[in-house]
Amino acid sequence: MPFRASLKPVLAHRTQTLCLAAAVLAVSAPLLRPTNAHATSCADLARQALPDTTFTTVQTVEAGQWQAPQTQLTRIMSAPGMNVAGKPTRGSTPAFCRVAATLHPSSDSAIRLEVWMPLKGWNGRFLGVGNFGWAGSLMYQGMETGVSEGYAVASTDTGHDSSTPEGQGGRFTLGHPEKMVDYAYRADHLMTTTAKTLIHSFYGQNASHAYWIGCSLGGLEGLIEAKRFPEDYDGIVVGAPPNPIVNFNAEQLWAGWMSYHNPALRVSREKFQLLNKAVMNACATPVGKKQGFLDEPDACHFEPKDLLCKGADTSSCLTASEVQSAEQIYQGPVNPRTHQVIFPGPAKGSEDGFSADGKAFPVALDLFKYAAFQNPNWDWTTLNWDTDIAKATQAVGPLLHVDDNLIPFFRHGGKLLMYIGWNDGHNPEQLADYYQAVMKNAGGSAKDAMRLITIPGMGHCYGGAGCDTFSKLGAIDNWVSHQTAPDKLIAARVEDGKVTRTRPLCAWPAVARYDGKGSMDDAASFACVTSAKAN
């Protein structure tokens, strides 16, 4: 679903750069005088002469005084599973220098960004925070966590404002090719270079390491950064990247499209829940049955036809049409000419999230309607699974698709950590195929520079019955700084701010297996072993 957010500047209106600098200087300079580590004061940053840049806010935010705007995105980004440092709860922020600016790299560009720099205890590192949904807002929750961990942090709205009607979803791309370029890659890159310049000016030295962390759109942004600007970041954490996004969004439209054209394929939520229960009974381990998810969905051989009604339709069986619908959802859309799967459907164990109601998925619809076809009246029910996928790929693929050649990033010394939940609508097997392709292409240069984590029971980026909370920031920093690859990470399940269960996350293709003796809720009772599918 599309996410809407608004950025409410601390200042009620914009002023000219020099007037703003003078005003902020009078307020914030006394606070900065005791600090000897800064090459320049926070307020003086507004006097920086940066190309195509207008400073809108430059201020010192005192410890514990930051209050982020509350938006529809707040609930998602405040969830423990989205915390980049793996913290069960969010604490207050330390004192930091806040710089907000708008970039105008083209006549049709208005890229908002913010850079936050701790006044004390900077760890010498920089963190770029990825977006979510169709972007359009700054990721304040990720910034809060990053600056609290001692990082200088930055975020951008990617060049459009989702709090406005024209900025919601993919509408901003209609008739605005430069805004599409901003969204695809220019905003993230310029945010990064601007942040690095401000960091050097403020601290008098460059950041020793730069990291990117993002999931969903933020994960795709991370891949695009690795591909287009391999020297921007030393470590990139990529969660559930929708890549290639045309194919992925096509899969998101698939169940609605097929059930629109054939109403017999419409399936109630209760029947999908029945299917999920049957899958769990057939394939879940004792641990999975207790905790509510499949440990190894790719090793599950249960088929919907095993629930086929022997006679009349009842609440405990699936009709032939319902079986067909479930099979087609698992399979994903197929090109009618080549008979190739365009993008695989979701994994076994995620049936509770299935939908076949004859309706379009809004986020996916926007990609085709606005970004690819530039036609707000495009009728999604006419989608041609051969020609339209090709046309959409031709239109947006050069901007948003990332191939399997990331060699320049690895040669730069970059580390790439990908992760995804098994209960995500995005099947982890597809990401595993991409991971293998990148590894094969890169050869030895990626052996110690790339890892994939598949997380049992986790939904899209967070949530679900599994353990979704772990420190992405700690994992990538340990890898880059100490050359310790994340072959095993410890994740937690957090409820009401408290850790109720822990479990190891194993680098693919290994999986976490219970030792049969210890507590099922304790990570120490599990070991990373070769998966059943690999045997």
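Colleague: I'd like to start with helix α13. Which residues of α13 are buried?

Modeller: Here they are: P428, Q430, L431, A432, Y434, Y435, V438 and A442. Keep in mind that this is a predicted model. Buried here means under 20% relative accessible area.

Colleague: And what covers the buried residues of α13?

Modeller: The cover includes two helices, α5 and α12 (407-411), along with β8 (415-421) and β9 (450-455).

Colleague: How do I check the length of α13 against its residue count?

Modeller: Use a rise of 1.5 Å a residue, multiplied by one less than the number of residues. Helix α13 has 15 residues, 428-442, so it should span 21 Å; the C-alpha atoms at its ends are 21 Å apart, in agreement with that.

Colleague: Now the ends of the helix. What caps the N-terminal end of α13?

Modeller: For a cap, look at side-chain oxygens and backbone nitrogens. N427 does the job here, placing a side-chain oxygen 2.9 Å from the backbone nitrogen of E429. Going past the other end, you reach G443, which follows α13 and has a positive phi, near 65 degrees.

Colleague: You listed α5 in the cover. Let's pick E221: which helix holds E221, and is E221 buried or exposed?

Modeller: E221 sits in α5, residues 217-228. Compare its relative accessible area with the 20% cut-off: E221 comes out at 2%, so it is buried.

Colleague: Which residues does E221 contact, leaving aside neighbours within four places in sequence?

Modeller: With those set aside, E221 is in contact with G130, N131, T158, D188 and W212. You can also set sequence separation beside distance in space: Y233 is twelve residues from E221 in sequence, and their C-alpha atoms are 12 Å apart.

Colleague: Let's zoom out. How is the chain divided into domains?

Modeller: Domain 1 takes in 42-245 + 401-494, and domain 2 takes in 247-398. Their centres, taken over C-alpha atoms, are 30 Å apart.

Colleague: How do I read the interface of domain 1 and domain 2? How many residues are in contact, and how much area is buried?

Modeller: Start with the counts: 27 residues of domain 1 touch 30 residues of domain 2. Then the area: about 2300 Å² is buried between the two domains, with 63% of it on carbon and sulfur atoms. Next, the polar side: 14 residue pairs are in polar contact across the interface, both residues at pLDDT 80 or more, while the rule finds zero salt bridges there. And we're back at our helix: α13 gives the most to domain 1's side of this interface, with three residues.

Definitions and conventions: Residues numbered from 1 in each chain as written. Predicted model: local features only at pLDDT ≥ 70, side-chain atom pairs only at ≥ 80, totals over all residues. Heavy atoms only, no water. Helix = DSSP H or I, 4+ residues; strand = E, 2+ residues; numbered from the N terminus. Buried < 20%, exposed > 50% of the residue type's maximum accessible area, 1.4 Å probe, protein only. Contact = heavy atoms within 4.5 Å. Polar contact = N/O pair within 3.5 Å; in protein donor to acceptor, adjacent residues only side chain to side chain. Domains from an automatic or database assignment. Buried area = accessible area lost by both parts, 1.4 Å probe. Salt bridge = Lys/Arg side-chain N within 4 Å of Asp/Glu carboxyl O.
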